[in-house]
Amino acid sequence: MWLLFLLLAWAVAVVSCVRVCRTALAAGLALHRGADATADADARADDTGADAGLTLYETAYLAGGPHRLADVVLVLMAQQRRLHLAHTGWATVVDPVGQDPVERAALSAIGPEGQRRIPAVRRALTSTEAVRGLADRLVHAGLAAPAAVRTGIGTAVRHVQFAALLVLLAAGATYWAAPSGEVDWLVLAWFAFPLVLTLGTWAVARAEAHPYTAWATEAGSALLRHEHPGGPSRRPGPPPAESAEPTGLAEPTGLAGLTGLTRLALFGPTALADPGLRAALHSSGA
């Protein structure tokens, strides 16, 4: 019986670790192709003299994904008095006219009644065609990680975690099934090898998976750092007091000159100076 448990432990451990390695290799190749595409695009831009930076929406997506983008467009519309974001977590339409595809998608996510809980609006907005189109453009430019890369690595790491747990359960079953409590410790020692294999792979994956599970690729992260030096790589300082937030999507670069919308795009709701907006974005909407 113990041999069956041992074979099961070894099989699960080897399969899960091989899957992590294969997934990481495929992800690395995909991101490498994206980096090459970005380098080619940069070379073409240098040849033509073009210098197009990231928009506010693109900055938000690369720094925090579609949820961060949703927060940015909701706060932008609220600061322009076209939405009201209550601290209880409700979004209410004031002006039902969107100025760009993402704003129109946000209004559609709120629905015809003109009011909806912010978490529900955020979830609905992230699945709209406008947000998917923006994400596809960033992926095609090599700045954002493809969804298959992010989910593939996460799934493979979870399988390694499950394999480690299964090895422990198999060793426990072997100990429990031993007749009269007599345990051959040499047999149990054989379970240490698949356990070390799975735990080691898990530790390495946790340390090395960030480039594959972040929203931005290495090229995207480098572009963020170039346009906002020190931005996404460090925690923001205390947000400055602000009375009237500039409207529109043009934002100054550099941490010292960041406006509230850019700080929100880079760091999330904690960077907002308005406590009402922070409460609205953090609220469950209940």
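In the hairpin formed by β1 and β2, four residues lie between the strands, and Gly 89 there adopts a positive phi near 100°. This hairpin belongs to a predicted model, and it offers a convenient place to begin. The two strands, β1 and β2, pair in the antiparallel sense over three bridges. Within this pairing, His 84 stands opposite Thr 92 in β2. As a general matter, strands of a sheet pair through backbone hydrogen bonds, either parallel or antiparallel.

The sheet extends beyond the hairpin. It is an open sheet of three strands in the order β1-β2-β3, with antiparallel pairing. The edge strands, each pairing on one side only, are β1 (83-85) and β3 (115-117). From one strand to the next, the twist averages 20°. On the other side of the sheet order, β2 is joined to β3 by three bridges, and these two strands run antiparallel. Two facing pairs can be located here: Trp 90 stands opposite Arg 117 in β3, and Ala 91 stands opposite Arg 116 in β3.

Ala 91 deserves a closer look. This residue is found in strand β2 (residues 90-93). Is Ala 91 buried or exposed? Because its relative accessible area is 0%, Ala 91 counts as buried. When its neighbours within four places in sequence are left aside, Ala 91 is in contact with His 84, Leu 85, Ile 110, Gly 114, Gln 115, Arg 116 and Ile 118. A further relation can be traced to Ala 78: the two residues are 13 residues apart in sequence, and their C-alpha atoms are 9.0 Å apart in space.

Just before the sheet, the loop between α2 and β1 contains Arg 81. Its phi is near 60°, a positive value in a residue other than glycine. With a relative accessible area of 62%, Arg 81 is over the 50% cut-off and is therefore exposed.

The view may now widen to the whole chain. The protein chain has 12 helices and three strands. Of its 286 residues, 44% count as buried. The chain exposes about 15200 Å², of which carbon and sulfur atoms supply 62%. Among the contacts with a separation of 6 or more, 72% involve residues 24 or more positions apart.

Where do the nonpolar residues gather? The largest nonpolar core has 46 residues, and those with the most contacts inside it are Tyr 57, Leu 62, Val 75, Leu 85 and Leu 125. Two or more residues are given to this core by each of α2 (56-79), β1, α3 (101-110), α4 (118-126), α5 (129-140), α11 (260-267) and α12 (275-282). The element that gives the most is α2, with 14 residues. Leu 62 shows how such a residue is surrounded: apart from its neighbours within four places in sequence, its contacts are Leu 54, Leu 138, Leu 143, Ala 144, Trp 215, Ala 216, Gly 220 and Leu 224. Another core, of 10 residues, lies apart from the largest one and includes Ala 9, Val 167, Val 187 and Leu 188.

Helix α11 is one of the contributors to the largest core. This helix is mostly covered, with eight of its eight residues buried. The buried residues of α11 pack against α2, α10 (218-227) and α12. After α11 comes Gly 268, whose phi is positive, near 95°.

Helix α12 contains Gly 276. Because its relative accessible area is 27%, Gly 276 is partly exposed. Gly 276 and Ala 86 are 190 residues apart in sequence, yet 7.3 Å separates them in space, C-alpha to C-alpha.

The confidence of the prediction should also be considered. The mean pLDDT of the protein chain is 77, and 72% of its residues reach 70 or more. Over residues 43-51 the pLDDT is below 50, and this stretch has one contact in the model beyond near neighbours in sequence. The pLDDT is also below 50 over residues 233-257, but there the model has 49 contacts beyond near neighbours in sequence.

Notes. Residues numbered from 1 in each chain as written. Predicted model: local features only at pLDDT ≥ 70, side-chain atom pairs only at ≥ 80, totals over all residues. Heavy atoms only, no water. Buried < 20%, exposed > 50% of the residue type's maximum accessible area, 1.4 Å probe, protein only. Contact = heavy atoms within 4.5 Å. Areas by Shrake-Rupley, 256 points an atom, 1.4 Å probe, with all protein chains shown as cover. pLDDT = per-residue confidence, 0-100. Pairing = 2+ DSSP bridges. Axes fitted to C-alpha atoms, helices over the stretch in contact; angles between N-to-C directions. Core = buried A, V, L, I, M, F, W, Y, C linked by side-chain atoms within 4.5 Å.
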